[in-house]
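User: I am new to this structure. Could you teach me how to read its features, one at a time?

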Amino acid sequence: MINNLQQAENCLLCKKPRCQKNCPINTPIPQIIQLYKNGEIEKAGEILFDNNPLSAICAIVCPHEKQCRGNCIRGIKKEPVYFHSIEEEISKKYLENTNFTKPESNGTKVAIVGSGPAGLTVAFELAKKGYDITIFEKNEKIGGVLTYGIPEFRLPAKLIDLLVQRLLDLGVKIKINSIVGPVITLNKLFKDGYKSIFIGTGVWNPKRLDIKGETFGHSHYAIDYLKSPQYYSLGKKVLVIGAGNVAMDAARTAKRYGAEEVYIAYRRDFEDMTATKHEIHEAQQEGILFKTFEAPVEIVDEGIILARTEKIEVDGKITLSTVPNSEYLFECDSILIAVSQVPRNTIVVNNKGVDITKRGHIETDEKGHTTKEGVFACGDVVLGASTVIQAVKAAKIVSNSMDEYLQNSSVKGEIVV
């Protein structure tokens, strides 16, 4: 691929940039490219960071084929501009070289529960405004899905380390190995002087297939596997069920950790897969084999029973049907299940007043207010499993909503709990 300066030179600097319009957070792409061409890297980095504190992350993990790159005007007849590559260079340099200074404190404490994309964004946004921020993270490292859900080969851990350092520069306090819910309750946080609480705990409970044999010793959930793949003994032949980015990450990770044959089974075809085309292509390039139109029936000691599926038309609509008498045994050493996740709801179970939806997600209004006074939420715990950029977009809205709430004179005193 051509270098970033040539990428910038290829940009048409459109007056009505479709790339910017199709960026969920409206990144000012033509402005950034012009600054880059002028050598004003620091200024470009500042604009990117102010617009999106996780710009360096999104430059790597966003589905660019559906956003900036996929909507580049130049890409209609020629190769599109790979803006995300330019963004990655600028944003990384900004985090590495810019000195962040702690603003004057406004004396108001805010608790952030969960340090995934949404929690990190809210922490940055409110810390810059002078709030006294404490992040509560249940694991030993912050980052949530960025640390425990996306493999190192896709997202370098050093980028998360840079974000941690910048948070510390802004005066943010980080409590690792701290679970909020059963012992540290929301009411306890309020009694200790926090004026508002943000919940961004993600979706970490895997969805079950609900088939026989799912609890067998060679059957694992991909989201759990990705947290610590080095401790699993999957054997030589592995089958991954599902076709989202988690499935691709799990398959590629299994290959890196010694599996000789790795397959992905999906009940539909390639065009129906929720993973990005880039991730699917990367998996194919690494030797991952795909079994399309295959559905799991039962996990057995020797592997898994699969059945063929097909698309059929019923009343003018295309639906999926299992092919009669098509079941067969697919022998393998391990199965990784990757068919989405749901919230754990530890906080909801142990704290009254925070309602959830029928699907198990925390209920909020459009500005992130939950049903409990002073408590806000957004990200996957509200929307379900989504992209990093969608979490950042929601967190920007919620951080402004929390600021408005905290500026209200009625919450200057103690919240009644």
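User: Let me start with one residue. Is Y263 buried or exposed?

Analyst: A note before we begin: this is a predicted model. To call a residue buried, look at its relative accessible area, which must be under 20%. For Y263 the relative accessible area is 14%, so Y263 is buried.

User: Where does Y263 sit, and which residues is Y263 in contact with, neighbours within four places in sequence aside?

Analyst: Y263 belongs to strand 8, which spans residues 261–266. With neighbours within four places in sequence set aside, Y263 is in contact with K237, V238, L239 and V240. L289, K291 and F330 are on that contact list too. Now look at F290, 27 residues from Y263 along the chain. The C-alpha atoms of Y263 and F290 are separated by 5.6 Å.

User: Next, a pair of helices. At what angle do helix 3 and helix 4 cross?

Analyst: The angle compares the N-to-C directions of two axes. Helix 3 covers residues 29–37 and helix 4 covers residues 41–51. Their axes come within 8 Å and cross at roughly 160°. Angles over 145 degrees count as roughly antiparallel, so helix 3 and helix 4 are roughly antiparallel to each other. The crossing of helix 3 past helix 4 is left-handed.

User: Which residues of helix 3 and helix 4 meet?

Analyst: Helix 3 brings Q31, I32, L35 and Y36. Helix 4 brings I41, K43, A44, I47 and L48. Sorted by character, the residues of this contact are seven nonpolar, one polar and one charged.

User: And how do helix 7 and helix 9 cross?

Analyst: Helix 7 (residues 117–127) and helix 9 (residues 157–169) have axes that come within 10 Å and cross at roughly 30°. That makes helix 7 roughly parallel to helix 9. Helix 7 passes helix 9 in a left-handed crossing. L120, A123 and F124 of helix 7 make the contact with L163, R166 and L167 of helix 9. Five of these residues are nonpolar, none is polar and one is charged.

User: Now the cysteines. How many disulfides are there?

Analyst: Test the sulfur atoms of a pair: they must lie within 2.5 Å. By this rule the count is zero.

User: Why does C62 not bond to C58?

Analyst: The closest cysteine sulfur to that of C62 is in C58, 4.2 Å away, which is too far for a bond. C62 is also buried, at 10% relative accessibility. C378 is in no disulfide either. For C378 the nearest cysteine sulfur is again that of C58, at 13 Å. C378 has a relative accessible area of 5% and is buried.

User: What about loops? Is N52 buried or exposed?

Analyst: Apply the accessibility test to a loop residue just as to any other. N52 lies in the loop between helix 4 and helix 5 (55–61). Its relative accessibility is 2%, so N52 counts as buried. Beyond neighbours within four places in sequence, N52 is in contact with I25, C58, I389 and V392.

User: Where is G116, and which residues is G116 in contact with, sequence neighbours within four places aside?

Analyst: G116 is in the loop between strand 1 (109–113) and helix 7. At 8% relative accessibility, G116 counts as buried. Apart from neighbours within four places in sequence, G116 is in contact with G143, G144 and G200. G200 is 84 residues from G116 along the chain, and their C-alpha atoms are separated by 6.9 Å.

Methods. Residues are numbered from 1 along each chain as its sequence is written. This is a predicted model: local features need pLDDT of at least 70, side-chain atom pairs count only at pLDDT 80 or more; totals for chains, interfaces and linings use all residues. Side-chain values use heavy atoms; hydrogens and water are left out. Axes are lines fitted to C-alpha atoms, for helices over the stretch in contact, and angles run from 0 to 180 degrees between N-to-C directions. Helices (H or I, at least four residues) and strands (E, at least two) are DSSP runs, numbered from the N terminus. Angles under 35 degrees count as roughly parallel, over 145 as roughly antiparallel, 65 to 115 as roughly perpendicular and the rest as oblique. A crossing is left-handed if the near helix is turned anticlockwise from the far one by less than a right angle, and right-handed if clockwise. Contact means heavy atoms within 4.5 Å. Ala, Val, Leu, Ile, Met, Phe, Trp, Tyr, Cys and Pro count as nonpolar, Asp, Glu, Lys and Arg as charged, and the others, Gly among them, as polar. Buried means under 20% relative accessible area, exposed over 50%, partly exposed in between (1.4 Å probe, protein chains only).
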